[in-house]
Amino acid sequence: MPNAPASTEREQIQAWVERVAAAFAQHFGLPPITGRILGWLLICDPPEQSAGEIADAIGASRASLTTSMRLLTVGDLVRRRTRPGERTTYFRIDDDAWEKVIRQRIVAMVSLRDITHDALALIGPDNERAARVRAAHAFFGWLSECFSASREAATTVHDR
C-alpha cells in the first residue's frame, strides 16, 4: 500500500482547503471557490501555480477560476507573474501579502473619518439624524488611534 500515505495527506490537504473556503465564506462573504484558491495557494508546493494546476488541485474548471483570480489579484492578495520565455501565468501569495492587504484596508477605513467629519459639518453634529454619522466618526477615530499606537509600537520595536 505505498500510495496510502500520499492519498491520506492529499485528503487532509483537501479537507484543510475546504476549511479555509468555509471560513472565508462565513467571515468575508467570499464564494467557496475563492476561499479554495486562497487555501491552496497558502499550502501548495511549489508556491507559484498556474490556473490549470490550481483548478486541478481544488477540483474546479479553469473557466470558473477567472472571476475569483481577478478579485484576488486586483485586491493584491494574490500576485500574478509570467516567467521569461513562457506564456503561462503563475499565481502566488507572497509572505507579506496578508499584512499589505490588511494595512490597505486600515488606511481606507481610517480615511473615512475625514468623510464623516465633513458630514457632521454639513448636517450639524447635534441633531438626531447625525447620530449614525457621529457613531461612525467615533469608530473611525478610535480605529485611527488604535492603529497609530500600533504603528508607533512597531516602529519602536524595529528601531531597537
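In this predicted model, the largest nonpolar core counts 22 residues, and the ones that touch the most other members are I37, L41, I54, I58, L65 and V78. Five helices each put two or more residues into this core: α1 (4-28), α2 (32-43), α3, α4 (62-74) and α5 (97-123). The largest share comes from α2, which supplies 5 residues.

As for the overall layout, the chain holds 6 helices and 3 strands. Read from the N terminus, the order of elements is α-α-β-α-α-β-β-α-α. Of the 160 residues in the chain, 29% are buried. Taking the contacts between residues at least 6 apart in sequence, 47% link residues at least 24 apart.

Helix α3 is a good place to start looking around. It spans residues 51-58, and its buried residues are A51, G52, I54, A55 and I58. These residues sit on the same side of α3, because the arc they cover around the axis is only 165 degrees. Two of the names, I54 and I58, also turn up among the core residues that touch the most other members. Just past the end of α3 comes G59, with a positive phi of about 70 degrees.

Next come the neighbours of α3. On one hand there is α2, whose axis lies 10 Å from that of α3, the two packing at an angle of about 105 degrees. With angles of 65 to 115 degrees counting as roughly perpendicular, α2 and α3 are therefore roughly perpendicular to each other. From α2, the residues involved are I33, R36, I37, W40 and L41, and they meet E53, I54, A57 and I58 of α3. On the other hand there is α4: the axes of α3 and α4 come within 9 Å and cross at roughly 105 degrees. This pair, too, is therefore roughly perpendicular, α3 against α4. Here α3 brings A51, G52, I54, A55 and I58, while α4 brings R62, L65 and M69. So the α3 residues that make this contact include I54 and I58, and I54 and I58 also appear in the contact with α2.

L41 of α2 deserves a closer look. Leaving out residues up to four places away in sequence, L41 touches P47, Q49, I54, V78, F91, R92 and I93. One of these partners, R92, is found in strand β3 (residues 89-92). With the same kind of sequence neighbours left out, R92 touches L41, P47, E48, L77, V78 and R79. The side chain of R92 also makes a polar contact of 3.1 Å with the side chain of D94. P47 and V78 are thus among the residues touched by L41, and R92 touches P47 and V78 as well.

Two loops show backbone features that stand out on a quick pass. The peptide bond joining D45 and P46 is cis, with omega at about 5 degrees. P46 belongs to the loop between α2 and β1 (49-50). The other spot is D76, in the loop that runs between α4 and β2 (79-82). D76 has a positive phi, near 65 degrees, even though this residue is not a glycine. D76 is partly exposed, its relative accessible area being 44%.

Conventions: Residues are numbered from 1 along each chain as its sequence is written. This is a predicted model: local features need pLDDT of at least 70, side-chain atom pairs count only at pLDDT 80 or more; totals for chains, interfaces and linings use all residues. Side-chain values use heavy atoms; hydrogens and water are left out. Buried means under 20% relative accessible area, exposed over 50%, partly exposed in between (1.4 Å probe, protein chains only). Helices (H or I, at least four residues) and strands (E, at least two) are DSSP runs, numbered from the N terminus. The arc is that of the directions from the helix axis to the C-beta atoms. A nonpolar core is a set of buried Ala, Val, Leu, Ile, Met, Phe, Trp, Tyr and Cys residues joined through side-chain atoms within 4.5 Å. Contact means heavy atoms within 4.5 Å. A polar contact is a pair of N or O atoms within 3.5 Å; within protein, one must be able to donate a hydrogen and the other to accept it, and residues adjacent in sequence count only if both atoms are side-chain atoms. Axes are lines fitted to C-alpha atoms, for helices over the stretch in contact, and angles run from 0 to 180 degrees between N-to-C directions. Angles under 35 degrees count as roughly parallel, over 145 as roughly antiparallel, 65 to 115 as roughly perpendicular and the rest as oblique.
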